[in-house]
Structure formats: C-alpha cells, structure tokens
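Student: I would like to take a close look at a single part of this protein. Please guide me through it step by step.

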Amino acid sequence: MNPTDTDHFPADPARPHEDAFSRSSLRVLVLSGSSRTGSVNARLASLAAALVTRAGAVADAATLADFPMPLYDGDAEADEGVPPGALALSERLDAAQALVIASPEYNASLPGALKNAVDWVSRRRPQPFKDKQTLLVSASPSMVGGNRGLWALRVPLEHLGARVYPDMFSLANAHHAFSENGALADRGLAERLTSTIGSFLALAEADTRYVHLRHCWYEFLGDRTDAPVTARAED
C-alpha cells in the first residue's frame, strides 16, 4: 500500500500540513482485535496505521496474537500475577498517547479474546486505559459493519476511564471493500475514514500538548484509590 496515493488517500484534515512535524511525538497504538489470517479487521487496522503515519504521528501496529494470555482467573492472578502477554500490551499502552482498536463483531458484541485482554490489562496499576484517547473502528461482511460490537466495547473502556472518541467507523461488506493495495475502494468511505482519524489525532494532540486542567478520575462512586491526580484537557 502506498500512503501517498491520492486516489485512495484524498486530501482532508489528516493530510500532513506545514507543522505536521509537531505530531512526531504523538504515538498511537493501533491494535487489531483479531489475529485470524486474512482478517478484515487486521486489514482495517493496517490502513488506519498508514493514515496515522501519513498524518505525521507515530503508529505502533499490533494484533492480539502479539500478546498471548490465558482466560482471566482471579486465582491465577493471585498465584502468578499478570501474565507476560498482558504486561507487554500494558507497556505498549503506556508508551502511547492514543489508541485505535479495530474490533470484529461476534454475535452482536465484542470478541471474547479482546474483552479478556481488556480484563487482564485492567489489573495493572496504574491502570493503563485511564485517560487514554481511544478511537474504535470495525469491519464486517455484514451490512452493519460490526457497529454493534463497537457499542459493546465502549462500555468496559469508558468504565476504565478511556476517552472513547464519539465518532466510530464501521466498514460494511468488508470482504469486498478493499482494493488490491489494501486501501478502501470506495472514495467516500476512504474520505470518511481519513477525516475521522485526522480529527481524532487533532484531539489526541491537543490533549497531549495543551493540558490546562487537573482532574482526578475515580472508577466508581465511593472509590478511594490513591491514584495521582492526572492532567486533563477539558472544559
């Protein structure tokens, strides 16, 4: 795939501009929620990573297969601690200022493997999803494009304090949506994905560079954690 191909990457807010170099310190973990060979979500994640790079940020591409971990078990955690795969994913999250997840939809919800990864990673302290700017995208052969799974995925992420971007991108009929070079064949969809990622990166950059409020996040009412007050950019 050639990220400079304007036929597939039309001009829009994600296009590099005069001060695009200023985004070079913005690191984005782009995670495919599927490890299946030929996964349309892996292809969508690859495209998203190319657009992040084209917009001047640093894309750290990964799939769930990079982080093997058992099913969450409280006894196993008590005996052996958080498994290496979950620790590795947590470290990649810590190193990034933003997160993009390309998630499949299983039975109108999120995949069990992805939820399991979220559960394991959430056991780290400090909890790495907290305050992380997050964009959700999906691809599916169905006509709803996996969108129901994204709504389900928002619940645990927002509960954990992630700043989930309001707009989501769902690619319907995904088995026929990609061109040979990995881009989207439909120009309108390509423009929408590029614009969504560009707007998301602008917010993540602002959150990183222009912090002006101190905010303390709690997981639930009555929570008395000693987590440090964290910098937030919000009204």
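Student: Which unit do β1, helix α1 and β2 make?

Tutor: Please keep in mind throughout that this is a predicted model. Strand β1, helix α1 and strand β2 make a right-handed β-α-β unit.

To place this unit, begin with the whole chain. The protein has six helices and eight strands, and along the sequence they follow the pattern β-α-β-α-α-β-α-β-α-β-β-α-β-β. Of the 235 residues, 49% are buried. Among contacts between residues at least 6 apart in sequence, 77% join residues at least 24 apart.

Now turn to the two strands of the unit. Strand β1 covers residues 27-32 and strand β2 covers residues 58-63; the two pair in the parallel sense, over six bridges. One residue to follow is Leu 31, whose bridge partner in β2 is Ala 62. In general, the side chains of a regular strand alternate between the two faces of the sheet.

The helix of the unit, α1, spans residues 40-54. Thr 53 has its place in this helix. Thr 53 counts as partly exposed because its relative accessibility is 47%, and a residue is called partly exposed when its value lies between 20% and 50%. Thr 53 is also 30 residues from Arg 23 in sequence, while their C-alpha atoms are 9.7 Å apart in space.

Strand β1 also leads beyond the unit, to helix α4, which comprises residues 112-121. The buried residues of α4 are Leu 114, Asn 116, Ala 117, Val 118, Trp 120 and Val 121. What covers these buried residues includes β1, together with α2, α3, β3 and α5. As a general rule, an α-helix has 3.6 residues a turn, so residues three or four places apart point the same way.

Finally, Leu 31 reappears at an internal space. The structure holds two cavities of 30 Å³ or more, and the largest cavity contains about 60 Å³ of space. Leu 31 belongs to the lining of the largest cavity, along with Leu 89, Leu 93, Leu 99, Ile 101, Leu 114, Ala 117, Val 118 and Phe 129. Helix α3, strand β3 and helix α4 each supply at least two residues of this lining, and α4 gives the most, with three residues.

In this way, Leu 31 joins two parts of the account: Leu 31 has Ala 62 of β2 as its bridge partner, and Leu 31 helps to line the largest cavity.

Technical notes
Residues numbered from 1 in each chain as written. Predicted model: local features only at pLDDT ≥ 70, side-chain atom pairs only at ≥ 80, totals over all residues. Heavy atoms only, no water. Helix = DSSP H or I, 4+ residues; strand = E, 2+ residues; numbered from the N terminus. Buried < 20%, exposed > 50% of the residue type's maximum accessible area, 1.4 Å probe, protein only. Contact = heavy atoms within 4.5 Å. Pairing = 2+ DSSP bridges. Right-handed = clockwise from strand over helix to strand, strands pointing away. 1 Å grid on protein atoms, 1.4 Å probe; cavity = no way out; pocket = protein on both sides within 12 Å on 5 of 7 lines; lining within 4 Å. Points joined across faces, edges and corners; volume = space filled by probe spheres on them.
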